Amino acid sequence: MVSVVNLVLMGAVIVLHTLIAAVMTRFFRLRLNTRWGSVLYALFLIPLVLFVSTLVFSGVFSIGVDLGSPTAALGVMIGMPLALGFTIDTLYVPPPEAYENLPNSR
């Protein structure tokens, strides 16, 4: 039986994963000079971080509910936060070019 506490904790983990995905996407957009570099990092490195985080939260801390299949769990815990974080950063946060006083990075 699913408890309210497990649902709330799972929601908190999903929000945390969305925040991680948005911040990592922003970092890559600020640091990389290529257009496709940030997309490749967002599609390969961020899911790896979210996967490790999912293993820690669901394995060590036993947070979450049984979603029925591993595919559904990966979709909810990695796919959805990745898509939301990437969308939040690219659509709702001004691009790095919009800031005038950014320090020169090497």
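Mentor: Before we look at any pocket, note that Ala, Val, Leu, Ile, Met, Phe, Trp, Tyr, Cys and Pro count as nonpolar, Asp, Glu, Lys and Arg as charged, and the others, Gly among them, as polar. Keep in mind as well that this is a predicted model.

Trainee: With those classes in hand, how do the residues of the lining of the second largest pocket divide?

Mentor: The lining of the second largest pocket divides into 10 nonpolar residues, five polar ones and one charged residue. About 230 Å³ of space lies in this second largest pocket, and of the 16 residues that line the pocket, Thr 54, Ser 58, Val 65, Ala 73 and Met 77 are the closest to its centre. The elements that give two or more residues to this lining are H2 and helix H3, which covers 70-92.

Trainee: Let me step back to the fold, then: how many helices and strands are there in the protein chain?

Mentor: The protein chain has three helices and zero strands, and read from the N terminus on, its elements run α-α-α. Along its principal axes the C-alpha trace spans about 55 × 20 × 20 Å, while buried residues make up 26% of the 106 residues in the chain.

Trainee: Which residues form the nonpolar patch on the surface, and which helix gives the most to it?

Mentor: The patch is formed by Tyr 41, Leu 45, Leu 48, Val 49, Phe 51, Val 52, Leu 55, Val 56, Val 60, Phe 61 and Leu 74, which together have about 950 Å² of accessible area. Helix H2, residues 35-60, gives the most, with nine residues.

Trainee: Tyr 41 lies in helix H2; why does Tyr 41 count as partly exposed?

Mentor: Partly exposed is the class between buried, under 20% relative accessible area, and exposed, over 50%, so Tyr 41 belongs there because its relative accessible area is 38%. By the same reasoning Arg 31, in helix H1, counts as partly exposed because its relative accessibility is 47%.

Trainee: How far apart are the C-alpha atoms of Arg 31 and Val 5?

Mentor: Those C-alpha atoms are separated by 39 Å, the two residues being 26 apart along the chain.

Trainee: Finally, how many salt bridges does the structure hold, and are Asp 89 and Arg 26 buried or exposed?

Mentor: The structure holds one salt bridge, formed by Asp 89 with Arg 26, whose closest N and O atoms are 3.7 Å apart. The pair links distant parts of the chain, with Asp 89 in helix H3 and Arg 26 in helix H1 (residues 4-31), 63 residues apart. Both Asp 89 and Arg 26 are buried.

Definitions and conventions: Residues numbered from 1 in each chain as written. Predicted model: local features only at pLDDT ≥ 70, side-chain atom pairs only at ≥ 80, totals over all residues. Heavy atoms only, no water. Patch = residues over 30% accessible without salt bridge, like charges linked within 9 Å, V, L, I, M, F, W, Y side chains within 5 Å. Areas by Shrake-Rupley, 256 points an atom, 1.4 Å probe, with all protein chains shown as cover. Salt bridge = Lys/Arg side-chain N within 4 Å of Asp/Glu carboxyl O. Helix = DSSP H or I, 4+ residues; strand = E, 2+ residues; numbered from the N terminus. Buried < 20%, exposed > 50% of the residue type's maximum accessible area, 1.4 Å probe, protein only. 1 Å grid on protein atoms, 1.4 Å probe; cavity = no way out; pocket = protein on both sides within 12 Å on 5 of 7 lines; lining within 4 Å. Points joined across faces, edges and corners; volume = space filled by probe spheres on them.
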